[in-house]
Structure formats: C-alpha cells, structure tokens
Amino acid sequence: MPETTPLPPAILLLGPTASGKTACALALARRLPVEIISVDSALVYRDMDIGTAKPSADEQAACPHHLIDIVSPEEAYSAARFCEDARRLMGEITARGKVPLLVGGTMLYYKALREGLSELPEADPQLRKDIEDTAARDGWPALHAQLAALDPDAAARLKPNDAQRIQRALEIVRLTGRPLADSYARRDESEATHRFIPIALAPSDRAVLHARIERRFDTMLLAGFVDEVIRLRRHYQLDPNLPSMRCVGYRQALEFLDGQCDMRTFRDKGVFATRQLAKRQITWQRNFRENWGDLTEVDCLAADMEAQVWEIVARGLG
C-alpha cells in the first residue's frame, strides 16, 4: 500500500458569544505561526464594528485576519460563500507555511465546512416576490398555513410569524416538490483538504456567561453603538429584514431609533437577544460533540483556559 501524505492541520476554535474566543485566538497566535479566518456572519459587514464586537485595529494588526469587512451591510453573505472563501484561504495560508486558525461562533458555517452543504435550489426571484406579495396582503400566518398544507413537519418547526424561514421553506418546497427535510438531507460534500483540530469553548456556569454578555452589551452602548447604527442608516439603505440587521442588537437598535421602545427596553431586549444567541450556539456545540468524535471542550470560565487550549493544539499538531 502506498503511503498517503497527511493532510495539513487547521484549528477550529468555536464558542458562544462572550466566551473569550478572540483573546484565546490571539494567545495562540503568540505561540504559533497562524492566520485567523473569521467564522462569524456578522464580522463580514463593513462599518458594523461596535455591535459585532469586531476585533480592534490593534488586535487585527497583531495577526493576519481574514473574512472581516468584506461585504456591505446591504448585501447577503451565505454559508456556501463562506465555505468557498474559507477553503481558498486555508490553502493559501498553508502554502505560506502557516496554520489556518478558524475562529467564531457562526455554527452553521462550521457545520457546512465539515459536513458539506445541503443541495438546495437557488432563490427564484419571481417566486420570492409572489410569496412576499401574498404575505403583504394576507400576513405571514397565512403563508405558514400554506406551508403546513405542503409540508406539515417543516411548518411545525416554525413560528407563524417567522417571515425569513417561512419564505425560504415555501420556496424550497414549491421548487423541489419535496419536503424540506429531503432537500436538506442531500449534501454536496467536498473532498477534505485539511485535518481539523476542533476545540469548543463552553461555560461551566451559564449565569456567569450571561453576566459577561450583559456587561459587554453595556460597554457597547457606552462605546457609541447607537451612534454607529445612526451612521449606518445614513450611508446605507437598511431595513430590519436585511441579514446584517438581523444580527443581535442591530434590529433592537433600529426599533429604538424608530421610537418603538425606550433606551431601557432597547438595552434589555439587546441583552436578551444576545443570551438567546448564546443558548443556540451552545446547543449547536452539544450536537457537534455528539457527532464529531475529535471535538474537545474547554471550560471558557477556567482560569487556565488558554493554557488548556494550547495543550490541545500542541497535541493535535504532533
């Protein structure tokens, strides 16, 4: 049997919001020749800095960063595009003699990169317009009822006013003639180019993570988060349904600026939305732990968290 060349390594550092991923990644960068690939669906947007907790200019200067500030807030950025960009960058980084370090909390991107993308049909502009027109006339609960008639299982997983997901589910079911689950089961799996070293930061005490989230949101407000959103509205054509404005905090900020709530309510809604995001991220990580035999979890609240991560990486690199 001919010997096979081992795949080059790539480190995955995932975790919920406020778990300390940025600081941990920079600690690794001080020990290893790495370049960081952001795995964050919010950091791709230009001029959205405070509300996304984007790494500072000094942090980005300390180590090469990729997939930050690459699209306008008016644009969409998909998991498919992330996989294409990330695979290209991983190859380029490896060719430079460095190790790709993928860092972030957008778990769908990690899943797509490791497990492949579902073979879903591309958006159909006319069908999408028809669905939106019907929703404008009859309301999203009526569209939810239509979906329930076509695909009861898909409808049961969605709330009647979940406009984005109802729209896409109806679109897929109508285009394919198959239940949504069938379409998601069909995957386009790309050939592996790297050997992953996946590490998940997870809180041993959810209450401590929640307190961190609250403090960080308050820090964002003091740093001028509302002024940032005012500037965004001045320079871009924004509405709450854009993917960029669905990032936690931004939709709530738009509601505040439109007079739909007071500052205290905006702040509380922003904190709550961020905690809900962390809850979803932790659930994703639990599923990864069950399905990825090579995933190692580290308590993000441990005093020696960075040292533990380094030991795992060093062991993985051999």
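Reader: I'm looking at the second largest pocket; what is its volume?

Author: Here's the general idea: a probe the size of a water molecule, rolled over the atoms, shows where empty space is left. In this structure, which is a predicted model, the second largest pocket comes out at about 210 Å³. It is lined by 13 residues, and those closest to its centre are L113, R114, S190, A192 and F196.

Reader: Which helix supplies the largest share of that lining?

Author: That's α4, with three residues. Helices α3 and α4 each bring at least two residues to the lining of this pocket.

Reader: How many nonpolar, polar and charged residues are in the lining of the second largest pocket?

Author: Sorted by class, you get four nonpolar, four polar and five charged residues.

Reader: Okay, cores next. Which residues touch the most other members of the largest nonpolar core?

Author: Start with the general idea: in soluble globular proteins, nonpolar side chains tend to be buried together. The largest core here has 48 residues, and F82, L102, Y110, L113, F225, M245 and Y250 are the ones that touch the most other members. Several elements each supply at least two residues of this core, including strands β1 and β7 (195–202) and helices α10 (206–222) and α13 (263–291). The biggest giver is α3, with seven residues. You've met L113 before, by the way: it is on the list of residues closest to the centre of the second largest pocket.

Reader: Let me zoom in on F225. What does F225 touch?

Author: Setting aside residues up to four places away in sequence, F225 touches I50, G51, F217, M220, G249, Y250, A253 and F266. Y250 is itself on the list of residues that touch the most other core members. There is also a second, separate core of 22 residues, with V34, I197, M305 and I312 among them.

Reader: Now for annotations. Where does UniProt place the feature "binding site"?

Author: An annotation like this comes from a record, and it may be inferred rather than shown by experiment. UniProt's unreviewed entry places "binding site" at G15, P16, T17, A18, S19, G20, K21 and T22. Now find part of that stretch in the model: P16 sits in the loop between β1 (9–14) and α1 (21–29). T17 lies in the loop between β1 and α1, and A18 has its place there too.

Reader: Is A18 buried or exposed?

Author: Compare its relative accessibility with the cut-off: buried means under 20%. A18 is at 11%, so it counts as buried. Try the others: T17 is buried because its relative accessibility is 9%, and P16 is buried at 0%.

Reader: Which residues does P16 touch?

Author: Leaving out those up to four places away in sequence, P16 touches K21, M107, L201, P203, L209, A278, Q281, I282 and Q285. T17, counted in that way, is in contact with L209, I213, R216, T274, L277, A278 and Q281. For A18, the contacts are L209, R212, I213 and R216. Look for L209 in the model: it touches P16, T17 and A18.

Reader: Backbone angles confuse me. What is phi of A53 near?

Author: As a rule, most residues other than glycine have a negative phi. A53 has a positive value, near 55°. You'll find A53 in the loop between β2 (34–38) and α2 (57–62), and at 29% relative accessibility it counts as partly exposed. D69 isn't a glycine either, and its phi is positive at about 60°. D69 is in the loop between β3 (65–66) and α3, and it is partly exposed at 32% relative accessibility.

Reader: Strand β3 just came up. What is H66 in contact with?

Author: H66 lies in strand β3 and counts as buried because its relative accessibility is 17%. Beyond its neighbours within four places in sequence, H66 is in contact with E35, I36, I37, S38, L89, I93 and R96.

Reader: One more: where is L170 found?

Author: L170 is in helix α8 (residues 163–176), and at 0% relative accessibility it counts as buried. With residues up to four places away left out, L170 touches I131, L143, Q146, L147 and L150. Now compare sequence with space: L170 and A155 are 15 residues apart along the chain, while their C-alpha atoms are 9.4 Å apart.

Methods
Residues numbered from 1 in each chain as written. Predicted model: local features only at pLDDT ≥ 70, side-chain atom pairs only at ≥ 80, totals over all residues. Heavy atoms only, no water. Helix = DSSP H or I, 4+ residues; strand = E, 2+ residues; numbered from the N terminus. Buried < 20%, exposed > 50% of the residue type's maximum accessible area, 1.4 Å probe, protein only. Contact = heavy atoms within 4.5 Å. Core = buried A, V, L, I, M, F, W, Y, C linked by side-chain atoms within 4.5 Å. 1 Å grid on protein atoms, 1.4 Å probe; cavity = no way out; pocket = protein on both sides within 12 Å on 5 of 7 lines; lining within 4 Å. Points joined across faces, edges and corners; volume = space filled by probe spheres on them. Nonpolar A, V, L, I, M, F, W, Y, C, P; charged D, E, K, R; others polar.
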